[in-house]
Amino acid sequence: MSTSLVIPKQQRYICYPIQHKCIRLGGTFLATDSCSNRWHFSTGDRDSPSTHSLEPTSDATRQRHKVNWETANGTVQFYALDGETLRTAALRRGVVSPHNGRAQVINCRGLGTCGTCAVELRKGTVHPVERQIKEELRLSLLPHGGVNQPESLRLACQIQVHSDLEVIKRSGFWGQNYEELSDYNECKTFLGHLEYILDNRSPKETGKDVDKRGNS
Ligand code: FES
């Protein structure tokens with residue numbers, strides 16, 4: 001159902017990542033006062049009020065799964081929507097980055113070509129169950145590949161979450177040091193929602209009723 005409301009232009013904000021209370025208008029994302037997003041920046045546009053339409057709220061009943069993400073500094077937890085890619089879930093929740101160090105800036109944003117979002121999948125169900133051609137190809141190239149590569153190594157941007165997961169992040173720019181856990185990387189989304197805009201598989205984010213770790 002679509003709802004119409006009036007938003008004075010002085011209340012316009014660029015809002016990212018996109019959340020269910022935000023509104024899109026001509027490439028600019030606007031937020032209502034009730035939006036819980038903490039990244040709001042005024043556009044400085046102070047003309048007369050305008051009328052826009054709220055996008056319909058997406059599936060609020062979609063199942064959520066808990067992701068345990070192990071690092072050298074301990075295990076952190078966040079939730080993923082059913083069908084959400086693991087990389088997008090990590091970036092949206094903002095609890096831990098799927099990339100190590102400078103790879104947070106230099107990565108392919110989910111195209112499956114850079115290999116920096118590699119994680120070991122220890123437990124849980126994802127789709128696809130096995131690596132597909134693109135994922136297999138990237139993980140067969142340096143610095144991945146080789147005899148030491150664990151079979152459970154996956155690209156977080158290429159797998160969709162369908163159960164609670166346990167994953168391990170290894171150290172190195174590509175997460176390629178299979179003998180060593182990565183340090184905890186605080187999640188920084190430099191480009192806001194653009195960090196995962198290429199992901200057309202993940203469902204829209206909902207869930208004001210749970211915190212980032214999935215607790216009701
Ligand atoms: S983000 Fe580049 S391969 Fe996943």
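**Strand pairing, helix burial and backbone exceptions in a predicted model**

Biologist: In which sense do strand E14 (residues 170-171) and strand E15 (residues 177-181) pair?

Modeller: The structure is a predicted model, in which local features need pLDDT of at least 70 and side-chain atom pairs count only at pLDDT 80 or more, while totals for chains, interfaces and linings use all residues. Residues are numbered from 1 along each chain as its sequence is written. Strands (E, at least two residues) and helices (H or I, at least four) are DSSP runs numbered from the N terminus, and two strands pair if DSSP finds at least two bridges between them. E14 and E15 are joined by 2 bridges, and the sense of their pairing is antiparallel.

Biologist: Which residue in the turn between E14 and E15 has a positive phi?

Modeller: Within this pair, Ser 171 stands opposite Asn 177 in E15. The two strands form a hairpin with 5 residues between them. A positive phi of about 100° in the turn belongs to Gly 172.

Biologist: Which strands stand at the edges of the open sheet?

Modeller: The open sheet has 5 strands in the order E8-E7-E13-E9-E11, with mixed pairing. Two of them have a single partner strand each, so one side of each is left without a neighbour in the sheet. These edge strands are E8 (74-81) and E11 (153-155).

Biologist: By how much are neighbouring strands of this sheet turned against each other on average?

Modeller: Axes are lines fitted to C-alpha atoms, for helices over the stretch in contact, and angles run from 0 to 180 degrees between N-to-C directions. For the strands of this sheet, direction is ignored. The average turn between neighbours is 35°.

Biologist: Which strand runs parallel to E7?

Modeller: With E8, strand E7 (residues 64-71) shares 8 bridges in an antiparallel arrangement, and the two form a hairpin with 2 residues between them. In that pairing Trp 69 stands opposite Val 76, and Glu 70 faces Thr 75. Elsewhere, Asn 68 has Glu 166 as its bridge partner. The parallel partner, joined to E7 by 4 bridges, is E13 (residues 165-168).

Biologist: Is helix H1 enclosed or open, and which strands do its buried residues pack against?

Modeller: Helix H1 (residues 86-93) lies across E7 and E8, running at about 105° to E8. A residue is buried if 20 or more other C-beta atoms lie within 10 Å of its own, exposed if 12 or fewer, and partly exposed in between, with C-beta atoms placed from the backbone. Because 8 of the 8 residues of H1 are buried, the helix is largely enclosed by the rest of the structure. Contact requires such C-beta atoms to lie within 7 Å, and the buried residues of H1 pack against E7, E8 and E12 (160-161).

Biologist: Which residue other than glycine has a positive phi near 60°?

Modeller: Most residues other than glycine have a negative phi. The residue in question lies in the loop between H1 and strand E9 (118-123), and it is partly exposed, with 17 other C-beta atoms within 10 Å. It is Arg 109.

Biologist: Which prolines follow a cis peptide bond?

Modeller: Most peptide bonds are trans. The bond from His 127 has omega near -5°, and that from Leu 142 has omega near 5°. The proline after His 127 lies in the loop between E10 (126-127) and H2, and the other in the loop between H2 and E11. They are Pro 128 and Pro 143.

Methods
Two residues are in contact if their C-beta atoms, placed from the backbone, lie within 7 Å.
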